[in-house]
Amino acid sequence: MPDGVEIVRGTATLLDVFVEGDAVWVVDSSGVSKFALDASAGAGPLGRWDSPRSLLAAAFAGTRLAVADGAKLSVLSADTLELEVDGNVVEPCASVVFVSGERLVCGPANDWDRIFYTYDALTIDLLASSQPFTYNGIPMRKVPGADAFVTVTTDLSPSDFHLYRLAETGEVVFVGESPYHGDFGVSDVYAFEGDPATQLVSHEGLLLDFDGCTGQQAAPCFVKNGALGTLPEQRSFLGMASHADSLFAVVGNSAYAYEADCMNTPCRLDRIDVAAREVKDSLSFRLPLQGIVRLAPRADGREVIVGARVAGDRFDTAARGYFVSRLAFE
């Protein structure tokens, strides 16, 4: 039997999972559901919002939750899941992030001449459009404590991390990328360290410094700054998340993430003190996961929410569905 406490299981495509206080928001392609974290297994949602069209992306900002489909960008109340505002987008958002000043940045699905669009989250008015960028990756992740985000190329070799910031005008500006170009593995499994974040931790446990980077030779981005030293040889992290002074990471049981089987052979969840380079807590677990969509620690750091695709044919992810479960340290 799987370990942990299952919150929900679904058949749609899982897009993201957000945790705040005693609630968890689960966003899949069909809509948004809000659950009580401490509810008994099988309990129904506290609220539900059904999307009129298949959702593509989501972002969370404490009191608001933004979702994007092929036509519109919609903002919901995180408390009630009532629609606050929606509006048409220039291009469908394959990824979206909240930034300060009640703004949303939308990145379309194309990686050729890709333009980022900045919208007012209160009105969905278009505030700015960026210059076009090519081959910098599709997934976007907000940098904690900064009006910035990172993209990663997941379908090119070699892959790199790319840093963007918002100008005062609201326009997205490219800052720089990793200078190593194939010297180490790059994937969309990574986490930030610090708030405001100054380093990125890769799925191989490398620390990459981007504090003060300008993209110029004098201050390049994503510079190697050692390693965690907690990852066994021939292993990689399957999912990662930072919270307070800790890094939470799922250690796979194979050198390659797509080969990891956390049901037949246990995987491990570590709570790592990044400054000390030490594992402070660890637990072994069995879950039928193949591809962690989100790892989300609770405020006390004693429990972690795992949102993942159900294990099966890795080339047929839509047919398998997903689950969201709780794992707790003793």
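Q: If a residue is called buried under 20% relative accessible area, exposed over 50% and partly exposed in between, which class does Glu278 fall into?
A: In this predicted model, Glu278 forms a salt bridge with Lys280, and the closest N and O atoms of the pair are 2.8 Å apart. The partner Lys280 has a relative accessibility of 40% and therefore counts as partly exposed. For Glu278 the relative accessibility is 39%, so the class is likewise given by the range between the two cut-offs: partly exposed.

Q: How many helices and how many strands does the protein chain have?
A: The C-alpha trace of the protein chain spans about 50 × 50 × 35 Å along its principal axes, and buried residues make up 50% of the 330 residues. In terms of secondary structure, the chain has zero helices and 28 strands.

Q: What share of the contacts in the protein chain with a separation of 6 or more comes from residues 24 or more positions apart?
A: A contact here requires heavy atoms within 4.5 Å. Among the contacts in the protein chain with a separation of 6 or more, the share that comes from residues 24 or more positions apart is 43%.

Q: What percentage of the accessible surface of the protein chain belongs to carbon and sulfur atoms?
A: The accessible surface of the protein chain comes to about 14400 Å². Carbon and sulfur atoms account for a part of this area, and their portion is 47%.

Q: Which strand gives the most residues to the largest nonpolar core?
A: The largest nonpolar core has 21 residues, and those that touch the most other members are Leu238, Val250, Leu269, Phe285, Leu289, Ile292 and Leu295. At least two residues of this core are supplied by each of strands S22 (237-243), S23 (246-251), S24 (267-273), S25 (278-285), S26 (289-297), S27 (303-310) and S28 (322-328). The strand that gives the most, with four residues, is S27.

Q: How many residues make up the other core that includes Ala148, Leu208, Phe210 and Phe222?
A: Leu289, in the largest core, touches Leu238, Cys262, Ala308, Arg309, Ala311 and Phe323, when residues up to four places away in sequence are not counted. Apart from that core lies another, which has Ala148, Leu208, Phe210 and Phe222 among its members, and its number of residues is 19.

Q: How many residues apart in sequence are Asp16 and Arg294, which form a salt bridge?
A: The closest N and O atoms of Asp16 and Arg294 are 2.7 Å apart. Asp16 is buried, with a relative accessible area of 10%, whereas Arg294 is partly exposed, with a relative accessible area of 29%. Asp16 lies in strand S2 (residues 14-20) and Arg294 in strand S26, so that the pair links distant parts of the chain, and the separation is 278 residues.

Q: Is Asp69 buried or exposed?
A: The side chains of Asp69 and Arg53 meet in a salt bridge, at 3.1 Å from N to O. Arg53 lies in the loop between strand S5 (47-50) and strand S6 (55-60), and Asp69 lies in strand S7 (residues 64-69), so the pair ties together parts that are 16 residues apart in sequence. Arg53 counts as partly exposed at 33% relative accessibility. Asp69, by contrast, has a relative accessible area of 2%, which is under the 20% cut-off, and is therefore buried.

Q: Which residues are joined into one network by salt bridges that share partners?
A: The count of salt bridges comes to 17. Some of these share partners, and the residues they join into one network are Asp22, Asp38, Arg298, Glu303 and Arg326.

Q: Which residues make up the nonpolar surface patch of about 350 Å²?
A: One member of the patch is Tyr135, which lies in the loop between strand S13 (126-129) and strand S14 (140-142). Tyr135 counts as partly exposed at 48% relative accessibility, and has a positive phi of about 60° although it is not a glycine. The complete set of residues making the patch is Trp112, Tyr135 and Leu156.

Q: What is the approximate omega of the peptide bond that joins Asp195 and Pro196?
A: Pro196 lies in the loop between strand S18 (190-194) and strand S19 (197-202). The peptide bond that joins Asp195 to Pro196 is cis, and omega is about 5°.

Terms used
Residues numbered from 1 in each chain as written. Predicted model: local features only at pLDDT ≥ 70, side-chain atom pairs only at ≥ 80, totals over all residues. Heavy atoms only, no water. Patch = residues over 30% accessible without salt bridge, like charges linked within 9 Å, V, L, I, M, F, W, Y side chains within 5 Å. Areas by Shrake-Rupley, 256 points an atom, 1.4 Å probe, with all protein chains shown as cover. Salt bridge = Lys/Arg side-chain N within 4 Å of Asp/Glu carboxyl O. Buried < 20%, exposed > 50% of the residue type's maximum accessible area, 1.4 Å probe, protein only. Core = buried A, V, L, I, M, F, W, Y, C linked by side-chain atoms within 4.5 Å.
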